[in-house]
Structure formats: structure tokens, C-alpha cells
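User: Please take a close look at one part of this structure, a single strand and the sheet around it, and then set that part in its wider surroundings. I would like one connected account rather than a list.

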2 protein chains.
Amino acid sequence: MNGDLGFREEDLCLLMDLYELTMCASYFENKRFEPATFDLFVRKLPPNRSYLLLAGLEHVLRFIEKFRFRDEHLEYLRRQGFREDFLNYLRNFKFTGDVWAIPEGTVVFPNEPLIRVTAPIIEAQLLETFILNTINLQTTIATKASRIVYAAKGRPVIEFGLRREHGIDAGMKVARASYIAGCIGTSNVLAGMKYGIPIFGTMAHSFIMFFGDEVASFKAFARTFPDKSIFLIDTFDTLKGAENAIKAAKELEKNGFKLQGVRLDSGDLAGLSKKVRRMLNENGLNYVKILASGDLDEYRIDELLNSGAEIDSFGVGTKLGTSADRPYVDIIYKLSEKMNDKGEFQPIMKLSEGKATLPGRKQVFRFKDEHGKFMRDVIALEDEEVDGEPLLVKVIEKGNIIYDYPSIEDIRKRALENLSRLPDKYKKLVRPAEYPVQISLKLKKLMNDLERRLKGV
Amino acid sequence: MNGDLGFREEDLCLLMDLYELTMCASYFENKRFEPATFDLFVRKLPPNRSYLLLAGLEHVLRFIEKFRFRDEHLEYLRRQGFREDFLNYLRNFKFTGDVWAIPEGTVVFPNEPLIRVTAPIIEAQLLETFILNTINLQTTIATKASRIVYAAKGRPVIEFGLRREHGIDAGMKVARASYIAGCIGTSNVLAGMKYGIPIFGTMAHSFIMFFGDEVASFKAFARTFPDKSIFLIDTFDTLKGAENAIKAAKELEKNGFKLQGVRLDSGDLAGLSKKVRRMLNENGLNYVKILASGDLDEYRIDELLNSGAEIDSFGVGTKLGTSADRPYVDIIYKLSEKMNDKGEFQPIMKLSEGKATLPGRKQVFRFKDEHGKFMRDVIALEDEEVDGEPLLVKVIEKGNIIYDYPSIEDIRKRALENLSRLPDKYKKLVRPAEYPVQISLKLKKLMNDLERRLKGV
């Protein structure tokens with residue numbers, strides 16, 4: 001083990017399921033190098049979701065760009081029984097194929113190719129695990145975060161989940177994906193530094209327990225942050241805590257400062273927020289905001305707002321940071337064509353019930369109504385002429401990145417615009433409507449032809 | 001962004017919630033440096049769990065050992081408004097306190113202090129987020145994995161979840177925690193290399209689709225791995241797949257090799273496994289193992305075995321790798337004492353209903369019956385004389401690690417021994433019995449005294 005992280009960036013070449021390597025060793029030994037195309041897509045949506053908010057592409061592309069094997073990795077594979085000629089192939093490995101992808105921050109739907117990789121079979125296969133791992137995490141979280149932001153009806157949501165997120169990398173990527181999806185920031189300082197995301201923090205119960213009483217702790221904190229204190233007021237009794245916060249706020253006022261807010265972290269948040277709001281207002285502290293936290297998610301926020309909670313912003317942790325009601329999406333990476341002996345690409349389709357795949361090289365077209373709202377998508381063959389807006393763009397050509405990475409702010413803008421164009425019926429928190437995704441006539445015909453051939457009819 | 005990982009090991013000093021830093025800036029400005037003790041513990045168990053299998057300590061300790069701030073991090077904090085004198089304090093930061101911990105691979109229960117940190121308040125506070133994040137992930141997964149291994153009743157379980165685990169670090173730590181908990185290995189090649197965990201892999205559907213027919217693909221694979229092939233047989237039709245595997249196995253036999261196994265990945269796994277077993281046996285292939293995968297967890301494995309499935313081993317992915325039914329534990333880090341003006345440690349207790357904490361510096365004692373089975377635990381004050389085996393051991397003294405890191409094999413041995421000593425009623429997959437965790441008389445008296453004082457009685 002090397003230190004606390006335990007791996008370095010250059011080790012990521014081996015962050016894959018062993019079967020990627022065993023299959024590739026066999027392709028190599030059987031001299032199978034034909035180009036093939038793989039599609040990344042989601043078969044079925046998680047419960048209560050009718051869309052996904054796509055995120056993670058930048059990390060996929062940066063991985064592909066740098067994907068090399070080093071001596072120490074080859075040495076490990078040698079010890080696992082891989083043969084010398086295959087290891088030599090890996091030594092010179094560099095991705096040389098083409099990649100098309102739907103940009104991050106786009107709202108997407110089941111069966112739509114999200115990333116399309118065309119490359120010699122070994123190259124395309126070796127990317128599988130990393131692409132799945134990256135897009136799964138960031139898309140799962142961006143989707144969850146977008147629901148929470150939607151439930152908050154315009155009130156700011158801050159991502160507070162680092163302590164329960166799945167390790168270091170998840171801590172970083174959850175902050176990123178949540179910000180893209182509309183959270184206004186994160187508690188994760190490193191994510192703030194690395195991604196330029198606004199960071200937020202208040203105080204923990206331990207701070208108050210350490211001072212032993214609330215007034216002393218609030219005053220001590222206000223001494224350090226006179227213009228940006230948010231007092232946590234539920235350590236002993238929320239309403240007494242509110243009284244103490246009011247005292248401290250009044251003292252701040254004398255010195256020309258304003259208390260920024262108070263935080264409720266337990267109890268009947270709806271009822272308490274109304275009482276605390278009234279207490280603050282009665283003391284001329286209408287400007288003091290109420291932040292709520294504690295076991296929140298989209299369902300709970302919706303309940304709170306429906307019962308008239310006077311909450312100005314939400315800190316959402318564990319259930320956002322782990323997408324607790326469904327911590328993954330059914331994302332897969334499937335073969336859709338390969339080159340035949342004549343040098344022509346030949347579509348491939350899997351038939352099995354519930355696990356069928358769409359053959360050939362495809363594009364996704366989106367149709368909007370006269371107000372710019374999303375109406376329906378059509379999955380078609382790449383060379384079909386379809387009216388809608390094509391979503392997949394070329395991001396890697398012959399192994400070279402030809403994509404200008406958008407800034408995180410631009411990705412966030414795209415996400416918020418996409419979400420605003422998605423009609424509300426698809427954003428309902430429970431049992432949303434199903435968005436229409438159609439198969440083009442030409443693709444349908446291809447599928448019928450292939451099915452007849454496969455069944456030998 | 002620096003490449004695909006986006007952060008380096010030395011950046012982990014900022015992997016924390018902002019409030020750790022705002023509280024510490026305020027402690028610093030208010031000249032509060034008194035030592036204090038924090039306990040890491042779990043308040044409530046996840047559903048259907050009666051125990052947790054502790055994991056992650058090694059990464060916590062390695063983090064504490066290396067925890068330093070560098071210029072670039074201080075520069076970022078300066079831009080966030082932190083003051084120069086506090087930044088200078090951070091520039092020279094080094095942990096100088098004591099840490100006690102229960103070793104990894106120990107079975108633990110709610111309210112038991114799992115890690116106990118005693119240090120000047122700022123030092124103890126700054127560790128909070130990293131400790132929570134690390135122990136939460138590995139303990140959540142080790143616990144889930146131990147349940148899956150238990151359900152498999154001695155049949156090998158392999159961790160297959162990398163593609164759906166939450167990012168890179170989770171991919172690594174899930175493999176580690178699952179191995180500790182009794183899985184025999186992982187599909188994650190990098191985890192194999194870094195932790196010395198056995199790695200396993202078979203083939204994907206794409207391999208068969210690429211060749212277009214099963215016999216060709218099985219033969220191609222067997223050419224490369226004549227002595228360790230596991231054929232995936234459900235791509236088209238599992239029973240036809242079994243016939244094709246038998247053909248290929250017979251050819252392998254002619255060349256003096258044995259097919260290792262076949263993998264079922266969909267359909268009625270119980271029924272199919274029985275039919276495939278019979279087909280294999282009728283062809284003298286009794287030695288060929290049947291591996292099952294596809295949406296498995298402890299509940300599904302239990303069902304399969306109860307319905308007589310003839311499965312020799314299980315590949316378990318997403319639901320293990322995300323602990324899908326509960327992707328976190330309610331783990332917290334709470335103040336339990338601080339030094340007063342007289343230089344004496346003074347116990348601290350939080351009273352709030354359902355969120356009470358245990359005051360003072362504590363030890364956990366475990367009692368076994370005459371067969372070595374775990375009977376009950378007692379949480380007591382550190383200086384009490386209690387008969388049972390004390391679980392917390394000193395791992396850091398005055399900032400120096402004094403713990404010999406056990407090897408992953410030794411941690412795994414401890415875990416398997418601990419699990420074997422835990423009576424079956426606590427390991428039931430659904431509604432297990434509640435393990436008795438008692439509070440010592442002296443600790444109870446302290447709590448009563450503090451409660452009376454807090455309530456002003």
C-alpha cells in the first residue's frame with residue numbers, strides 16, 4: 001500500500017474487470033483486431049425517475065487520452081499468467097479510435113447511446129469498466145441532485161454529504177455532479193479548490209458542546225466570522241437556541257454586522273422553522289435566513305414545503321451523496337457492430353427478452369415544441385436524415401481529443417437549461433410520465449431484418 | 001483539473017467539510033487549544049443488520065500520519081477569507097494526539113466507540129470528515145459482503161461490482177473490504193495488484209457476440225486459457241449454451257485440459273443450474289463448476305440455495321459494491337470530554353432524545369461463553385476494571401503510529417474468526433436478534449450525574 005490513497009493516477013490502466021484483459025488476450029491470440037462499435041446506454045430507469053442527467057464525460061475522455069500501461073503493471077499481469085506477446089501489445093497500447101458522446105449536462109433517456117466507441121475490438125473493450133464506473137457515479141448523483149433541487153422550488157440546495165460518500169473520489173465527483181445539477185455549492189473544500197465550486201460551512205454540535213453553552217459559542221464564532229455566521233441552534237432546544245441566536249445577532253448589529261443565518265438540524269423542521277421565523281421577525285431579524293439539514297432528500301423537502309416550512313435553503317447530505325434510494329443506474333456497454341471480412345461494418349443485435357440491444361451506428365435526435373420544450377427523442381441510424389437536434393457529437397477522432405472541454409459553469413448552464421426545457425410531468429418526484437423515445441423506421445427495419453436472420457426465418 | 005483523477009494524495013488535507021475549518025479558525029482566534037476526546041460510533045444499525053464488520057482503520061491512520069497543509073492549499077484558504085495567523089498555524093499543523101481504535105475485521109455494535117481521538121481540539125476536529133468518510137465506506141461494504149458470504153453457505157463469493165461502484169477509490173476499497181469480509185477475490189485488477197487480492201474474470205456477452213456464435217467463441221477463448229476457462233452460456237439460450245460448452249469441454253479434454261466452469265448470468269438461475277448440472281454430469285463433466293451472477297445479493301442467494309440451485313460459486317456486483325439496500329451507516333464523530341481550566345478532563349454528554357451521547361473516555365469489553373462465542377459487550381469507562389476482553393487498542397501515541405499494520409490476510413482471518421464466534425441468531429438475513437450491549441454501572445452513574453447537572457436538578 002502506498003499511503004492513504006493507495007494508488008496513483010498512472011495506475012488507472014488496471015482499474016478494470018479482469019475479464020476485459022482475458023477477452024483481449026484471447027482476441028489478440030486469435031488475431032482478431034477488427035474494429036467494432038460499443039454503445040454506452042441505460043436499459044431501465046431507477047424507480048421514480050423518468051430521465052437521467054448525464055455527467056462524467058470529461059473524466060472519461062481524460063482517462064482515454066492518458067491510457068497507457070507501465071512496466072510495473074505489465075509485470076503484475078505477467079505474474080497473473082498473461083503471455084509475453086500480449087504484454088508487448090499492451091506496452092505499446094494507445095487508443096486510436098473514434099468516440100462520439102452526448103455532452104455532460106444533457107437530459108437523456110433509456111436506450112439512447114450516451115457514448116459510442118468505434119475502435120479495434122481490443123481498444124474498445126479495454127475502456128469498458130472505466131467508462132461504466134465514471135458515468136454511473138456522476139449520472140446517478142447528478143440525476144438525484146436535480147430531483148432535490150427541483151423539490152426545493154428555487155431555494156438554494158448545498159451538497160453536504162462528503163462524510164457518507166463512497167470514498168475520496170466519490171466525495172469529489174459527487175460535489176461536481178451535484179453542482180452541475182443545480183446545487184449552489186458543496187461543503188467539500190477540496191472540491192471547491194479543484195473544481196471552482198462555491199463552498200459552504202456552518203458549525204457542528206461539537207463546537208457548542210465544547211464551549212458548553214450556546215451564547216458563548218455563538219459569540220466566539222461571530223468574533224471570527226462577523227459577517228458570515230450561520231448558528232446551529234438545535235443542540236439543546238431549538239427555540240431556546242433561536243433566542244440565543246437572536247441575542248448574538250443583536251450584538252452583531254451593534255457592531256455593524258448582520259447574522260447570516262441559523263441552521264435547524266433535527267426535530268419537526270416544518271413547525272420549528274415557522275416558529276423560528278416568527279421569533280426572528282419579531283426581533284427585526286427578517287434578513288436572517290433559515291437553513292435546514294438532517295436526513296433530507298427530495299421527498300422530505302417536498303413534504304416540508306407542502307406543510308409550509310419557512311426554510312430558505314437546504315443542506316442535503318447522505319441521501320444525495322449516495323443516491324440512497326437507488327445508488328446506481330442500470331448502465332451497460334454493448335457491442336452494436338463490427339467490421340466483416342469485406343471491410344464493411346456489420347450491425348450486431350442481441351435478441352434476448354428484456355435484454356435486447358439496438359444494432360448499428362446510431363444517433364439520437366431530439367424534438368422540441370414551439371416553446372422549446374422537449375417533446376420526444378428518436379434513436380436512428382447515424383446516416384439517416386432526421387429533423388430533430390442530433391445529441392451525439394464527435395469528441396475523439398483517431399485517438400485524439402477534438403472536444404473543447406466546457407467549463408463546469410457551462411455544463412451547469414446546459415443542465416439547468418435542459419431541465420427547464422423538460423416538461424414538469426417528467427419531473428414529478430413520484431410516478432413521473434414516461435418520455436417518448438422512438439426508434440426510427442430505418443432502424444426498426446434493420447432490427448426486423450436481423451431478427452429474421454437470427455431466427456433463421 | 002489535473003488529469004482523470006483530478007487530485008493527488010497530498011491534496012487530501014482539504015478533503016473535509018468547510019465547517020471543520022471555520023470551527024477551527026474560531027477556536028484558534030478565541031485561543032481555545034484545550035485537548036478533547038472524540039468518539040467515532042454508529043448510532044443505529046441499517047435495516048436487517050445486527051452487527052457491523054469494521055474496516056478502514058489502516059487508511060485512517062495513514063492519512064493522520066501524513067496530514068499536512070501545503071502552500072497551494074493555504075493559498076486557496078486565504079482566498080476563501082481565512083486569516084493569516086490561522087493559516088500560519090495550519091502551515092505547521094501536525095497531529096500530536098493519541099488515538100485508540102478497534103482493529104479492522106472486528107464485529108462491532110451500536111454506540112461502541114470504534115475510534116477514540118484525544119488531542120488539542122483543533123487537531124481532533126480536523127480529522128472528522130476523513131475518518132467518517134473512510135470508516136463509513138469500508139464498514140458499510142464489509143458488513144454487506146459478510147452477509148452475502150454468509151448467505152452463500154461456504155460457496156465462494158467473488159466481488160464483481162467495479163463498474164457500478166462509486167468512483168475509483170470506492171472501486172479499490174470495496175474490493176479490499178469485501179475480501180476482508182470473506183469474498184475470495186475481486187474482478188478489479190488494480191485492487192489485485194495493490195492489495196494482493198486474488199483476481200477473477202470470465203468473459204462478457206460481447207465476446208460471444210463478436211465471434212457471432214458460441215462454439216467459435218468458446219474455442220477461441222479456450223485456445224488462450226486452456227486450463228482456466230469459464231464460459232458464459234446465457235448469451236442466446238442457456239441450455240444450448242451448455243451444449244456448446246460441453247462440446248468445447250470435450251475438445252479440451254482431448255488435449256489434456258479441463259474446462260473450469262460455466263457462468264449463468266440471467267433467467268431462472270435455480271432451474272437452469274439444475275438442468276445444466278445434469279447435462280454436464282451426463283457428459284462426464286462433473287468437475288466443471290457452475291458460477292452464477294446477475295443482480296445477486298444475500299436475499300437472492302438465500303432464495304436460490306433454498307430452492308436447490310446447483311451453483312458452486314457466486315459473482316456479486318452492484319448490490320454488494322454499493323450496499324444497495326442501505327448504502328451507508330449512521331456513523332458519527334462526537335465530543336465526549338475536554339480539559340477544563342484545572343487541567344482535568346471533564347466528561348461531556350449530549351442529552352437530546354434519540355441523539356444522546358456517552359460521556360467520558362471509554363473502553364469496550366467483550367464477553368465470550370465457554371465455547372468462545374460472543375455473548376455480550378459492555379461499554380465502560382477506560383479506567384474501570386471489567387472482566388471481558390478490551391477491544392480498543394492504542395494505535396497513535398503523541399502523533400506517532402505505534403500500531404503494526406496487520407496484513408490484509410490477517411485482517412481477513414480476524415474477520416472470519418469474529419464472524420464465526422458471532423452466534424447465528426445475530427446473522428439472520430432478516431430480523432436478526434439484537435446483540436446485548438450494556439453500559440457499565442460506573443458509566444451509568446456518570447451519565448446520571450451529568451444529566452442531573454445539565455437539567456439543573
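Analyst: What follows begins with one strand, moves outward to its sheet, and ends with the contact between the chains and a few individual residues.

The model is predicted, and every statement below should be read with that in mind. The part chosen is strand 12 of chain A, which spans residues 331–339 and is mostly covered, seven of its nine residues being buried. Chain A as a whole has 16 helices and 19 strands, and buried residues make up 54% of its 457 residues.

Strand 12 of chain A has a partner in strand 1 of chain A, residues 35–42, with which it pairs in the antiparallel sense over seven bridges. Two positions show how the register of this pairing runs: A:Thr37 has A:Glu337 as its bridge partner in strand 12 of chain A, while A:Asp39 stands opposite A:Lys334 in strand 12 of chain A. Strand 12 of chain A is also joined to strand 13 of chain A, residues 345–347, by three bridges, and these two strands run antiparallel as well. Here A:Lys338 is the residue that stands opposite A:Gln346 of strand 13 of chain A. Strands 12 and 13 of chain A form a hairpin with five residues between the strands, and within that hairpin A:Gly343 takes a positive phi near 80°.

These pairings belong to an open sheet of seven strands in chain A, whose order is 13-12-1-5-3-17-18 and whose pairing is antiparallel. Its edge strands are strand 13 and strand 18 (400–401) of chain A, each of which pairs on one side only. Helix 6 of chain A, residues 128–151, packs on this sheet and touches strand 1, strand 5 (115–120) and strand 12 of chain A, and the direction of the helix makes about 140° with that of strand 12 of chain A. As background to reading such a sheet, the side chains of a regular strand alternate between the two faces of the sheet.

Elsewhere in chain A, A:Glu123 offers a useful point of detail, since it is a charged residue found in helix 5 of chain A, residues 121–126, and it counts as buried because 22 C-beta neighbours lie inside 10 Å. Leaving aside residues up to four places away in sequence, A:Glu123 touches A:Phe95, A:Thr96 and A:Gly97. The C-alpha atoms of A:Glu123 and A:Leu90 are separated by 10.0 Å, although the two residues are 33 apart along the chain. For chain A overall, 71% of the contacts between residues at least 6 apart in sequence join residues at least 24 apart, and the C-alpha atoms fill a box of roughly 85 × 55 × 35 Å along the principal axes.

The wider surroundings include a second chain. In the interface, 82 residues of chain A are in contact with 82 residues of chain B, and on the side of chain A that touches chain B, helix 1 of chain A gives the most, with eight residues. That side of chain A divides into 40 nonpolar, 24 polar and 18 charged residues. Chain A can be laid on chain B with an RMSD of 0.0 Å by a turn of 180° and a shift of 0.0 Å along the axis, and the two copies are thus related as by a two-fold rotation axis. Moreover, 100% of the interface residues of chain A are also interface residues in chain B, so the copies meet through the same surface.

One contact across this interface can be described more fully. Helix 1 of chain A, residues 18–29, and helix 10 of chain B, residues 214–224, pack at an angle of about 95° with their axes 9 Å apart, and the two helices are therefore roughly perpendicular to each other. The contact is made by A:Ala25, A:Ser26 and A:Glu29 on one side and by B:Ala220, B:Phe221, B:Arg223 and B:Thr224 on the other, a group that divides into three nonpolar, two polar and two charged residues.

Finally, two residues of chain B deserve a check of their backbone angles. B:Lys31 has a positive phi of about 55° although it is not a glycine; B:Lys31 lies in the loop between helix 1 and strand 1 of chain B and is exposed, with 8 other C-beta atoms within 10 Å. B:Arg431, likewise not a glycine, has a positive phi near 45°; B:Arg431 sits in the loop between helix 15 (408–421) and strand 19 (437–439) of chain B and counts as exposed, with 9 C-beta neighbours inside 10 Å.

How values were computed
Residues are numbered from 1 along each chain as its sequence is written. Chains are lettered from A and ligands numbered from 1 in the order in which they are written. This is a predicted model: local features need pLDDT of at least 70, side-chain atom pairs count only at pLDDT 80 or more; totals for chains, interfaces and linings use all residues. A residue is buried if 20 or more other C-beta atoms lie within 10 Å of its own, exposed if 12 or fewer, and partly exposed in between; C-beta atoms are placed from the backbone. Helices (H or I, at least four residues) and strands (E, at least two) are DSSP runs, numbered from the N terminus. Two strands pair if DSSP finds at least two bridges between them. Axes are lines fitted to C-alpha atoms, for helices over the stretch in contact, and angles run from 0 to 180 degrees between N-to-C directions. Angles under 35 degrees count as roughly parallel, over 145 as roughly antiparallel, 65 to 115 as roughly perpendicular and the rest as oblique. Two residues are in contact if their C-beta atoms, placed from the backbone, lie within 7 Å. Copies are superposed by least squares on the C-alpha atoms of residues with pLDDT of at least 70 in both.
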